[in-house]
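Here is a short briefing to read alongside the sequence and the 3D view. Please keep both open as you go through the points.

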Amino acid sequence: MPGPTRQRERTSEEETETEEETGCPECESDSLVRSADGGGELVCEDCGLVIEEENIDRGPEWRAFNHSERQSKSRVGAPTTQKWQERIRTKDAGERNLQFALSEIDRMSSALGVPRSVREVASVIYRRALDDDLIRGRSIEGVATAALYAAARQLNNPRSLDEFAAVSRVEKMEMTRTYRYIVRQLGLEVKPADPEQYVPRFVSRLDLDEEVEREARALLRAAKDAAVTSGKSPVGLAAAAVYAAALLTNQKVTQSQVGEVADISEVTIRNRYKELLELDHGELVQ
DNA sequence: ATGGTTTTTACTGCGTC
DNA sequence: GACGCGGTAAAAACCAT
């Protein structure tokens, strides 16, 4: 019988990981970057892996909007309806539009710790939307957010809707509506996110170790093979897998903690993780 | 619009520390 | 007594048709 390994209590400080400029353990890249808001995660620019996170905010607040007021510079004022001012407006509209959108994409990208390639694809998508005149009737921020969301998924580096909601200036509803629209109009090909892609970040935010990540991935693969994943939220599956994996490896984490970092209800975690564990017994894992 | 499925919300009881 | 976990019913959200 393997003795129950007493897990170390989670200590926020005192236990500083010893990776400074070692590069990304996942893809060996050197381009590590500290994300701007949302908790100062150290993330890899190439693969988006979160290597280290400083403030785990477990408060109920992390889905709140931090920057309530920001863009006070875009003061529009009453239009003076003069002819050439009107012309300038329409002429430069596209340029201003694009510039602002790109800066938004940049801002959200660093907040989310998304790799550079994703920003680039997002920019391309946005330009296409602009060319096809899809912005009309929609907000620039909305389309920018949608473009980034789509790009992140296309490049297999997805962020959840809730993660986006935390950094974007548009509400979730507008986000999803705009996202559907541009995906449809531009004929973008976006496949459902693979739950495994959420695992590293959740594990990292929960301060669990690599073993959990491996186990979670194994559980998810088994589930996929057994075809119990279709129709289920990838984020929910990932969260459940992380929780289940923590159980299996005797790591301390609660359902509510996992639920919080993944923005998934505990009920969903319960329902999913039971299924995952059943498979683990019945089917073969690995 | 509608119906089926999934997720969330709210509430419950049980065991433990 | 608070906390973690499990279960349930009903509401809400989602999705394909």
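The points below cover a DNA strand and its protein surroundings, then one helix, then a single glycine. Please bear in mind that this is a predicted model. In brief, nine residues are listed around DNA strand C, from R180 to K274, and helix α5 spans residues 172-186.

**Around DNA strand C**

- The protein residues surrounding DNA strand C are R180, Y243, V253, T254, Q255, V267, R270, Y273 and K274.
- Of the atoms of DNA strand C that come within 4 Å of the protein, 77% belong to sugar and phosphate.
- By residue class, this surface is made up of four nonpolar, two polar and three charged residues.
- Helix α10, which covers residues 266-282, provides the largest share of the surface near DNA strand C, with four residues.

**Polar side-chain atoms and phosphate oxygens**

- In Q255, an N or O atom of the side chain is 2.4 Å from a phosphate oxygen of DNA strand C.
- For K274, a polar side-chain atom lies 2.6 Å from a phosphate oxygen of DNA strand C.
- Y243 also has a polar side-chain atom placed 3.0 Å from a phosphate oxygen of DNA strand C.

**Helix α5 and its two sides**

- With 15 residues, helix α5 reaches 21 Å from its first C-alpha to its last, close to the 21 Å expected at 1.5 Å a residue.
- Which residues of α5 are buried? They are M175, T178, Y179, I182, V183 and L186.
- These buried residues lie on the same side of α5 because they cover an arc of only 130 degrees around the axis.
- Their packing partners are α2 (116-131), α3 (140-154) and α4 (161-167).
- The other side of α5 holds the exposed residues M173, R180 and R184; R180 is also one of the residues around DNA strand C.
- Just after α5 comes G187, with a positive phi near 65 degrees.

**G94 in helix α1**

- You will find G94 in helix α1, which runs over residues 83-112.
- Is G94 buried, partly exposed or exposed? G94 counts as partly exposed because its relative accessibility is 29%, and that class falls between the limits of under 20% for buried and over 50% for exposed.
- G94 and I182 are 88 residues apart along the chain, and their C-alpha atoms are separated by 18 Å; I182 is among the buried residues of α5.

Technical notes: Residues numbered from 1 in each chain as written. Chains lettered and ligands numbered in written order. Predicted model: local features only at pLDDT ≥ 70, side-chain atom pairs only at ≥ 80, totals over all residues. Heavy atoms only, no water. Near = heavy atom within 4 Å. Polar contact = N/O pair within 3.5 Å; in protein donor to acceptor, adjacent residues only side chain to side chain. Helix = DSSP H or I, 4+ residues; strand = E, 2+ residues; numbered from the N terminus. Nonpolar A, V, L, I, M, F, W, Y, C, P; charged D, E, K, R; others polar. Expected span 1.5 Å × (residues − 1). Buried < 20%, exposed > 50% of the residue type's maximum accessible area, 1.4 Å probe, protein only. Arc of directions from axis to C-beta. Contact = heavy atoms within 4.5 Å.
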